[in-house]
Amino acid sequence: MIDTPGRVRIWDLPTRLFHWVLTAMVVFSFTTGKLGGEWLQWHFRSGYVILALLLFRLFWGFAGSCYARFTSFVPSPARIWRTLRSTDTAPPLVNAGHNEVGTVSVYALLLVLLAQGLSGLFSNDGTFNEGPWVRWVSEATSNRLSALHYYNHWLMVALVAVHVAAIAFYLLIRRQDLITPMLTGDKLGVAALAAEDGSAIRLRAFALAGLAVAIVYVLVIL
Ligand code: HEM
Ligand code: HEM
C-alpha cells in the first residue's frame with residue numbers, strides 16, 4: 001500500500017537503535033584506543049560490541065523492514081552522478097530510504113568499521129595488550145595488522161566527518177532534515193510504502209541481535 005504524503009515510518013526501531021548505539025560505541029572505541037594502557041580492556045569490549053552490531057546489520061540487510069534491506073539501496077554510479085549534479089535547493093520529492101549518495105556512504109562506513117574491528121582482533125600495542133586472535137598469527141603479521149588498525153582509523157574518522165558534513169549539507173542547503181527520521185523513524189512529506197515496525201519485526205530483530213552476540217562471543221571472546 002502506498003501512503004499519501006504525510007508522516008510515514010521509514011526507519012524501523014532496530015535500524016535506529018543500531019545507528020545510535022553504533023555511533024556511541026565508535027566514539028567510545030576511538031577515545032579508549034587513544035587513551036591506551038588500561039583503557040584498552042574497555043576498548044576491546046566496545047570493539048566486540050561493534051563487531052556484533054555489524055553482524056546484526058548484515059542480518060538486518062536481508063531480514064529487516066523494506067528500507068533497511070540491502071536490496072533497497074544498491075549503489076548506481078549513474079544515479080549518484082545525477083544526484084550530485086542536481087542543483088535543486090528544495091527538491092519536491094523527499095527520498096524514502098537512503099538516497100544514492102547516502103548509499104555509498106553507508107557501505108563505506110560499514111566496510112571501514114568491519115576492517116577496523118577485524119584488524120583490532122590481531123593488533124598489539126607493543127606491551128601487554130593484544131587482541132584475542134594475535135595467538136593465531138606471527139608477530140610480524142600482528143604488527144602489520146596493528147599498522148592497518150592505526151591507518152584505517154583515520155580513514156574511519158574521515159568517512160564519519162564526510163557523513164556528518166553530508167547530513168549538515170542536507171539540513172542547511174537542501175532543507176531536508178534527515179536526523180529527526182533517524183530518531184523518530186518517520187519522514188514527513190513522502191509518498192511511499194511504510195516500513196514494517198511492529199512487535200513481530202522487533203522480536204525478529206531481538207533474536208538476530210542475540211544470534212550476532214552469540215557468534216561474536218564464541219568466535220572472539222571464548
Ligand atoms: C561515529 C559516528 C557515526 C557512524 C559510524 C554512523 C554510521 C551510519 C550508518 C552505518 C548509517 C546507515 C544506517 C543503516 O541503514 O543501517 C548511518 C545513517 C545515518 N546517520 Fe550516521 N553515523 C554516525 C554519526 C552520525 C551523527 C552524529 C548523525 C547526526 C548528526 C548521523 C545521522 C545519520 C542519518 C540522518 C542517517 C540516515 C541517512 C539517510 O537518510 O540516508 N550519524 N550512519
Ligand atoms: C571497530 C572498532 C574499533 C575502533 C574504532 C578502534 C580504534 C582504535 C584507535 C583510534 C586506536 C588508537 C590508535 C593510535 O592512535 O595509536 C586503537 C588502538 C588499538 N586497538 Fe582498536 N579500534 C576498534 C576495535 C578494536 C578491537 C576489536 C580490538 C581488539 C580486540 C582493538 C585493539 C586495539 C589495540 C591492541 C590497539 C593499540 C595499538 C597500538 O598501540 O599500536 N581495537 N584502536
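**Ligand 1 and α1**

I looked first at which element contributes most to the shell around ligand 1 in this predicted model, and I found that α1 gives the most, with 7 residues. The shell as a whole holds 22 residues, and I noted Val26, His98, Gly102, Leu178 and Met182 as the closest. The elements that supply two or more residues to this shell are α1 (13-35), α4 (100-121), α5 (139-172) and α6 (179-184). When I sorted the shell around ligand 1 by class, I counted 14 nonpolar, 7 polar and 1 charged residues.

I then turned to α1 itself, which has 23 residues and reaches 33 Å from its first C-alpha to its last, close to the 33 Å expected at 1.5 Å a residue. Its buried residues are Pro14, Thr15, Phe18, Ser29, Thr32 and Gly33, and I recorded α2 (39-63), α5 and α7 (199-221) among the elements that cover them. After α1 comes Gly36, where I read a positive phi, near 65 degrees.

**Ligand 2**

For ligand 2 I listed 26 surrounding residues, of which Gly33, Gly47, Gly120, Asp125 and Gly131 are the closest. Two or more residues of this shell come from each of α1, α2, α4 and α5. Gly33 thus appears twice in my notes, as a buried residue of α1 and as one of the closest residues to ligand 2. By class, the shell around ligand 2 divides into 8 nonpolar, 15 polar and 3 charged residues.

**Phe73**

I next located Phe73, which lies in the loop between α2 and α3 (77-85). Is Phe73 buried or exposed? I entered Phe73 as buried because 20 other C-beta atoms lie within 10 Å, and the cut-off for a buried residue is 20 or more. Leaving aside residues up to four places away in sequence, I found that Phe73 touches Gly97, His98, Thr103 and Val106; of these, His98 is also one of the closest residues to ligand 1. I also checked Phe73 against Asp197, which is 124 residues apart from it along the chain, and their C-alpha atoms are separated by 19 Å.

**The chain as a whole**

Last, I surveyed the chain, which contains 7 helices and 2 strands, arranged along the sequence in the pattern β-α-α-α-α-α-α-β-α. Its C-alpha atoms fill a box of roughly 60 × 40 × 30 Å along the principal axes, and 27% of the 222 residues are buried. Among contacts with a separation of 6 or more, I noted that 75% join residues 24 or more positions apart.

How values were computed. Residues are numbered from 1 along each chain as its sequence is written. Chains are lettered from A and ligands numbered from 1 in the order in which they are written. This is a predicted model: local features need pLDDT of at least 70, side-chain atom pairs count only at pLDDT 80 or more; totals for chains, interfaces and linings use all residues. A residue is near a molecule or strand if its C-beta atom, placed from the backbone, lies within 6 Å of it. Helices (H or I, at least four residues) and strands (E, at least two) are DSSP runs, numbered from the N terminus. Ala, Val, Leu, Ile, Met, Phe, Trp, Tyr, Cys and Pro count as nonpolar, Asp, Glu, Lys and Arg as charged, and the others, Gly among them, as polar. The expected span of a helix is 1.5 Å times one less than its number of residues. A residue is buried if 20 or more other C-beta atoms lie within 10 Å of its own, exposed if 12 or fewer, and partly exposed in between; C-beta atoms are placed from the backbone. Two residues are in contact if their C-beta atoms, placed from the backbone, lie within 7 Å.
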